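Subject: Structure handover

Hello,

Here is the structure I said I would pass on. My notes on what was found in it follow below.

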Amino acid sequence: MDLEVNFSNLWDELEYDDIVETIEAIEREYGMNQSENQPISAPVTTTASTPAKTVTTNSNTKSGMPAKQPRFADTTEADLVKLESARHEKKTMDTTAWAVRLMKEWCKATNHDEKFETLPPDTLCQLLRQFYGSARKENGQPYSKSSLLNIRAALQRYISSPPFNRTINIIRSEQFQSANNVFSGALKVMKRDGKDTSKHYPPITTEDLSKMFDTKVLSMNNPQSLQRLVFFQCQYFYAGGGGKAYEI
């Protein structure tokens with residue numbers, strides 16, 4: 001069977017309607033052949049378009065990488081108070097709690113307002129005058145000089161810390177001059193009467209000092225000996241009272 005067809009002559013002889021019918025026939029034939037070799041696609045149904053969901057992505061997020069953490073921390077007031085309190089060592093906080101407890105016990109025993117931390121400066125000054133002059137141990141003996149100094153410093157630390165944050169200074173302010181006069185007088189009377197119960201460490205001897213330098217335990221020959229030398233000099237020249245209040 002000869003399949004060669006001269007299409008140029010064929011198109012010239014066909015009318016417009018014939019051309020349309022021929023094209024439709026070819027399309028039907030093409031569709032039939034395709035259906036025999038390929039699965040028929042499911043009919044496409046059109047529905048009302050719905051607005052697409054907007055997906056927000058972090059511009060800084062890379063593929064396979066976790067999202068970048070925020071640079072600045074989200075801190076609450078409780079976090080800030082905790083950080084503010086953390087500036088003191090645990091030993092210092094324990095001393096503060098002991099002094100405050102002692103002050104409140106004294107206020108209760110002498111019928112004074114236990115909320116001394118909120119009193120006006122002049123009222124607090126009069127309260128401290130009486131406290132400094134009458135504070136005693138449970139056995140009735142006076143506190144040592146170092147203990148009284150620690151008590152006064154602890155009370156100052158307490159009222160100037162959260163949640164009170166008072167700006168008054170019971171140690172150096174002129175508003176508390178009369179209270180501090182009683183405090184200084186109590187220390188001198190205690191020393192004069194030989195009632196100061198402070199326990200001092202024995203001073204380091206000249207022989208021990210010489211030994212530490214002669215053996216190069218304290219020297220500038222190497223970093224470790226130099227560190228010891230600096231620590232020793234800080235303690236020896238600047239840290240009175242045995243260095244209990246210093247953390248080096």
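Phe 116 and Tyr 158 are both buried. Please keep in mind that this is a predicted model. The two residues form an aromatic pair: the ring centres are 5.9 Å apart and the planes stand at 40°, so the pair counts as tilted. Phe 116 is in the loop between H4 and H5, while Tyr 158 belongs to helix H6, so this pair ties together parts of the chain that are 42 residues apart in sequence.

A second pair is formed by Tyr 236 and Phe 237, and this one is edge-to-face, with 5.0 Å from centre to centre and 85° between the planes. Tyr 236 has a relative accessibility of 44%, so it counts as partly exposed. Phe 237 has a relative accessible area of 55% and is therefore exposed.

How many aromatic pairs are there? The count comes to eight. There is also an aromatic cluster made up of Trp 106, Phe 131, Tyr 132 and Phe 183. One member of that cluster, Phe 183, has a charge over its ring: the charged end of Arg 152 sits there, 4.0 Å from the ring centre.

Next, the overall layout. The protein has nine helices and zero strands, so read from the N terminus on, its elements run α-α-α-α-α-α-α-α-α. The chain has 248 residues, of which 20% are buried. Of the contacts between residues at least 6 apart in sequence, 55% join residues that are at least 24 apart.

Now the empty space. Rolling a probe the size of a water molecule over the atoms shows where such space is left. Searching the whole structure gives one cavity of 30 Å³ or more. The volume of this largest cavity is about 30 Å³. Which residues line the largest cavity? They are Phe 116, Leu 124, Leu 128, Leu 155, Ile 159 and Ile 170. By class, that lining consists of six nonpolar residues, with no polar and no charged ones. Helix H5 (121–134) and helix H6 (145–159) each contribute at least two residues to the lining. Phe 116 thus appears here in the cavity lining and above in the tilted pair with Tyr 158.

The second largest pocket holds about 230 Å³ of space. It is lined by 13 residues, and those closest to its centre are Leu 102, Glu 105, Arg 136, Glu 138 and Tyr 143. Which helix gives the most to this lining? That is helix H4 (residues 90–109), with six residues. The lining of the second largest pocket has seven nonpolar residues, one polar residue and five charged residues.

Three single residues remain.

- Thr 96 is part of helix H4. Its relative accessibility is 8%, and because the limit for a buried residue is under 20%, Thr 96 counts as buried. Leaving out residues up to four places away in sequence, Thr 96 touches Ala 154, Arg 157 and Tyr 158. The last of these, Tyr 158, is the partner of Phe 116 in the tilted pair.

- Cys 107 is found in helix H4 as well. Is Cys 107 buried or exposed? With a relative accessible area of 0%, Cys 107 is buried. Its contacts, again not counting residues up to four places away in sequence, are His 112, Asp 113, Glu 114 and Leu 127. The C-alpha atoms of Cys 107 and Phe 131 are separated by 8.4 Å, and the two residues are 24 apart along the chain. Phe 131 is one of the residues in the aromatic cluster.

- Thr 123 lies in helix H5. At 38% relative accessibility, Thr 123 counts as partly exposed. Between the C-alpha atoms of Thr 123 and Phe 176 there are 10.0 Å, with 53 residues separating the two along the chain.

To go through the model in the order of these notes, start with the pair of Phe 116 and Tyr 158, then look at the cluster that includes Trp 106, and after that at the largest cavity and the second largest pocket.

Regards

Notes:
Residues numbered from 1 in each chain as written. Predicted model: local features only at pLDDT ≥ 70, side-chain atom pairs only at ≥ 80, totals over all residues. Heavy atoms only, no water. 1 Å grid on protein atoms, 1.4 Å probe; cavity = no way out; pocket = protein on both sides within 12 Å on 5 of 7 lines; lining within 4 Å. Points joined across faces, edges and corners; volume = space filled by probe spheres on them. Helix = DSSP H or I, 4+ residues; strand = E, 2+ residues; numbered from the N terminus. Nonpolar A, V, L, I, M, F, W, Y, C, P; charged D, E, K, R; others polar. Buried < 20%, exposed > 50% of the residue type's maximum accessible area, 1.4 Å probe, protein only. Contact = heavy atoms within 4.5 Å. Phe/Tyr/Trp six-rings, centres within 6.5 Å; stacked < 30°, edge-to-face > 60°. Lys NZ or Arg CZ within 6 Å of the ring centre and 35° of its normal.
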